[in-house]
Amino acid sequence: MFGLIGLFLAAFLAATIVPAQSEAVLVGLIIAGDHAVGALLFVATVGNVAGSVLNWSIGRYLGRLFSHPRFPFSPEQIERAQRGYHKWGWVSLFASWVPIIGDPLTVVAGTMKEPLWRFLTVVTIAKFGRYAVLAWVTVGLM
């Protein structure tokens with residue numbers, strides 16, 4: 001049970017500005033074999049998507065924080081992400097799993113007022129896809 005809670009927290013934090021390695025936790029738990037791989041995929045995906053929803057909410061409702069000196073993304077990063085988002089639209093959310101660009105992208109989706117239903121759909125597919133491939137590779141190597 002603590003493994004699942006730890007995985008959820010690692011996945012949640014990994015989707016935010018906090019540096020966390022949910023992939024390492026997932027692989028470790030798969031190798032340990034104490035939990036069904038499907039349960040691990042579910043927990044990792046839910047945690048990671050929840051962290052992305054926090055980012056979306058920050059972009060949607062707390063945009064005034066962008067100019068705060070402790071805001072984790074620079075105005076230039078936000079502007080660059082907004083330009084990319086404007087160019088590619090919601091399809092760019094399929095890259096929400098990509099390190100470095102995925103987190104700002106989910107914040108920008110909120111600033112661009114992306115509907116939550118579409119955000120959840122695309123981000124869930126992207127995040128689950130990454131974890132599923134990682135699980136498949138891990139199980140195949142065991």
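**A walk through an all-helix model**

Let's start on the outside: the protein's accessible surface comes to about 8,000 Å², and 71% of that belongs to carbon and sulfur atoms. Keep in mind as you look around that this is a predicted model.

Now for the overall build. What kinds of elements does the protein have, helices or strands? The count is six helices and zero strands, so if you trace the elements from the N terminus on, you simply read α-α-α-α-α-α. Along its principal axes, the C-alpha trace spans about 45 × 30 × 25 Å. How does that fit with a compact globule? For 142 residues, such a globule would have a radius of gyration near 14 Å, and the protein's 15 Å agrees with this.

You can also ask how the chain meets itself. Take the contacts with a separation of 6 or more: residues 24 or more positions apart account for 76% of them. As for what is tucked away, buried residues make up 37% of the 142 residues.

Where do buried nonpolar residues come together? The largest nonpolar core has 16 residues, and the ones that touch the most other members are F71, I78, Y85, L93, V107, A109 and F119. Helix 3 (37-61), helix 4 (75-88), helix 5 (102-111) and helix 6 each give two or more residues to this core. Helix 5 provides the largest share, with four residues. To get a feel for the packing, pick out I78: leaving aside its neighbours within four places in sequence, I78 is in contact with F66, F71, F73, V107 and V108. There is also a second, separate core of eleven residues, which includes I30, L40, V43 and A44.

Next up, the charges. The protein has 10 positive and 6 negative side chains. If you find the centre of each set, the two centres lie 9 Å apart.

One arginine is worth a stop on our tour. Find R130 in helix 6, which covers residues 116-141. Is R130 buried or exposed? Buried means a relative accessible area under 20%, and R130 has 14%, so R130 counts as buried. And which residues does R130 touch? Setting aside the neighbours within four places in sequence, R130 is in contact with E23, N48 and W97. Of these partners, look up N48 in helix 3, the stretch that runs 37-61.

Before you leave, turn the model once more and trace the two separate cores, one with 16 residues and the other with eleven.

Definitions and conventions. Residues are numbered from 1 along each chain as its sequence is written. This is a predicted model: local features need pLDDT of at least 70, side-chain atom pairs count only at pLDDT 80 or more; totals for chains, interfaces and linings use all residues. Side-chain values use heavy atoms; hydrogens and water are left out. The radius of gyration is taken over C-alpha atoms; the globule rule is 2.2 Å times the number of residues to the power 0.38. Buried means under 20% relative accessible area, exposed over 50%, partly exposed in between (1.4 Å probe, protein chains only). Contact means heavy atoms within 4.5 Å. Accessible areas come from the Shrake-Rupley method with a 1.4 Å probe; for residues, only the protein chains shown count as cover. Lys and Arg count as positive and Asp and Glu as negative; His and the chain ends are not counted. The place of a charge is taken as NZ of Lys, CZ of Arg, CG of Asp or CD of Glu. A nonpolar core is a set of buried Ala, Val, Leu, Ile, Met, Phe, Trp, Tyr and Cys residues joined through side-chain atoms within 4.5 Å.
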